Amino acid sequence: MADKGKKGKAAAPVPKDAPPPGDPKPEDKDQKPKKKEKSVQPQDEVGTRKGCRRYKWEFKDSNKEFWVMGHAEVKLLSLGCLIAAMVMFTGSTVHPLLTLIITMEVSVFCFFFIIYTFAINRYMPFILWPISDLLNDLFACIFLVGAIVIGVKSRTSMPTPYFIAVILIGVAGLFALIDICLQRKHFKGKKVKRNVLIPPPPREKPKGTEKPPEKAGEKPPEKAGEKPPEKAGEKPPEKAPEKAKDKGKGGKK
């Protein structure tokens, strides 16, 4: 028999190998925090890429388009021809317009080369880059043809280096003309939008907000607290005379 002096039930025996209540389980230590999985992005479009991921994609796509379509090769060849022409002109007297046109075209070709190589054009969509490049090639071709005319007319006798430099300017103008033909690929399959300047039609009002049409001769309903409008020539209604106060108020009848 159990002793009467002991109260309650006997405590359950504590196992020796059980971990203390505060320590985490050994399984929790082995589990590492899971890394956030990157969202799957389309390969042909930017998608929702941001920051460095977007710039990497724009850099690869811009260079791929620039080199595969032939714009980079043509610009490099025309740039090399112009630099070689400047070198050939160093040993002879040259018209100042020739050096001005050559340096101008070299700087413009370098500008477009940097823009397309580092994908800067992808972050400035408000500029129509294919059209601006096409206009640049067109004006470059015109200026270089004019440089050839100036170079031929300004000299009566042309030494061999001078003659080679003039030919190189003509070759650079030919490459600019080829680049114009390559720019046409950007405009294939794109239709011109019609009726762009016509404003859109007005929006239809919801049916609940429309007021019923008023019939001829009917007055609009008056709101509470508003007085009816006075007609021309009519006098305002006179107020009714107040009742005389009882003189003998509170007196005998």
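**Helices H4 and H5, Val106 and a pocket**

Author: In this predicted model, H4 and H5 are roughly antiparallel to each other.

Reader: Why are H4 and H5 called roughly antiparallel?

Author: The axes of H4, residues 96-117, and H5 cross at roughly 160°. Angles over 145 degrees count as roughly antiparallel, so H4 and H5 are given that name. The two axes also come within 10 Å, and H4 passes H5 in a left-handed crossing.

Reader: What makes up the contact of H4 with H5, by class?

Author: The contact has 18 nonpolar, three polar and three charged residues.

Reader: How do you know whether Val106 is buried or exposed?

Author: Val106, a residue of helix H4, has 14% relative accessibility. Buried means under 20%, so Val106 counts as buried. Between the C-alpha atoms of Val106 and Lys75 there are 9.8 Å, although these residues stand 31 residues apart along the chain.

Reader: What lines the largest pocket?

Author: Its lining consists of 19 residues, and those nearest the centre of the pocket are Glu65, Asn121, Trp129, Pro130 and His186. The space in this pocket is about 390 Å³. Sorted by class, the lining has ten nonpolar, five polar and four charged residues.

Reader: Which helices each supply at least two residues of that lining?

Author: Helix H2 (52-68) and helix H5 (129-153) do. H5 gives the largest share, four residues. H5 thus appears twice in this account: in the crossing with H4 and in the lining of the largest pocket.

Conventions. Residues numbered from 1 in each chain as written. Predicted model: local features only at pLDDT ≥ 70, side-chain atom pairs only at ≥ 80, totals over all residues. Heavy atoms only, no water. 1 Å grid on protein atoms, 1.4 Å probe; cavity = no way out; pocket = protein on both sides within 12 Å on 5 of 7 lines; lining within 4 Å. Points joined across faces, edges and corners; volume = space filled by probe spheres on them. Nonpolar A, V, L, I, M, F, W, Y, C, P; charged D, E, K, R; others polar. Axes fitted to C-alpha atoms, helices over the stretch in contact; angles between N-to-C directions. Parallel < 35°, antiparallel > 145°, perpendicular 65-115°, else oblique. Left-handed = near helix turned anticlockwise from the far one by under 90°. Buried < 20%, exposed > 50% of the residue type's maximum accessible area, 1.4 Å probe, protein only.
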